[in-house]
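Please open the model in your viewer and keep the sequence panel beside it. The tour below moves from the whole chain to single residues, and each stop suggests a selection.

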Amino acid sequence: MAPILTDLETLAPRQAEALQFIREYLGQHGFAPSLGDICEALDLSSRRGAAELVEKLEAKGFIKREPGRRRGIRLTGRRL
């Protein structure tokens, strides 16, 4: 039988950092951060790095992206 992983164990440290930033940004501004905002906050060298973090968070069920919408990130309710 495979071990059951907690949500915290399913996220790499940078993914957890990105998720925390997205949560805080949404709480402060009332809308989602852009990839540029994520890139700047996490000191990433490219927007592609931010996009990859967002893609991984979506694949793991922590966020949902709304295609075609700028700042189209929303939380799913899944908690760490």
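How much accessible surface does the protein have, and what percentage of it belongs to carbon and sulfur atoms? With the whole of this predicted model shown as a surface, the accessible area comes to about 5300 Å², and carbon and sulfur atoms contribute 53% of that area.

**The whole chain**

Switch now to a cartoon, where you can pick out four helices and two strands, which follow one another along the sequence in the pattern α-α-α-α-β-β. If you colour the 80 residues of the protein by accessibility, 31% of them count as buried. Among contacts in the protein with a sequence separation of 6 or more, 48% are between residues 24 or more positions apart.

**Helices H2 and H4**

Next, select helix H2, residues 13-29, together with helix H4, residues 47-59. The axes of H2 and H4 lie 10 Å apart and the two helices pack at an angle of about 90 degrees; since angles of 65 to 115 degrees count as roughly perpendicular, H2 and H4 are therefore described as roughly perpendicular to each other. To see what makes this contact, show the side chains of Arg14, Gln15, Ala18, Leu19 and Ile22 on H2, and those of Leu53, Lys56 and Leu57 on H4. Sorted by class, the residues in the contact of H2 with H4 comprise five nonpolar, one polar and two charged.

**The aromatic rings**

Stay with helix H2 and select Phe21 and Tyr25, which both lie in this helix, four residues apart, or about one turn of the helix. Which rings pair with one another here? Add Phe31 to the selection, and you have a cluster in which ring pairs link Phe21, Tyr25 and Phe31; the count of aromatic pairs comes to two. The ring centres of Phe21 and Tyr25 are 5.6 Å apart and their planes stand at 55 degrees, so this pair is classed as tilted. Is Phe21 buried or exposed? With a relative accessibility of 18%, Phe21 counts as buried, because the cut-off for that class is under 20%, and Tyr25, at 11%, counts as buried as well. Tyr25 also pairs with Phe31, and in this case the arrangement is edge-to-face, with 6.0 Å from centre to centre and 75 degrees between the planes. Phe31 itself has a relative accessible area of 39% and is partly exposed.

**Two residues with positive phi**

For the last stops, turn to the loops, bearing in mind that most residues other than glycine have a negative phi. Select Asp43, in the loop between helix H3 (35-41) and H4: although Asp43 is not a glycine, its phi is positive, at about 55 degrees. Asp43 has a relative accessibility of 68% and therefore counts as exposed.

Where is Arg71 found? Select the loop between strand E1 (63-65) and strand E2 (73-75), where Arg71 is located. The phi of Arg71 is near 55 degrees, again a positive value in a residue other than glycine, and its relative accessible area of 32% makes Arg71 partly exposed.

How values were computed
Residues numbered from 1 in each chain as written. Predicted model: local features only at pLDDT ≥ 70, side-chain atom pairs only at ≥ 80, totals over all residues. Heavy atoms only, no water. Axes fitted to C-alpha atoms, helices over the stretch in contact; angles between N-to-C directions. Parallel < 35°, antiparallel > 145°, perpendicular 65-115°, else oblique. Contact = heavy atoms within 4.5 Å. Nonpolar A, V, L, I, M, F, W, Y, C, P; charged D, E, K, R; others polar. Phe/Tyr/Trp six-rings, centres within 6.5 Å; stacked < 30°, edge-to-face > 60°. Buried < 20%, exposed > 50% of the residue type's maximum accessible area, 1.4 Å probe, protein only. Areas by Shrake-Rupley, 256 points an atom, 1.4 Å probe, with all protein chains shown as cover.
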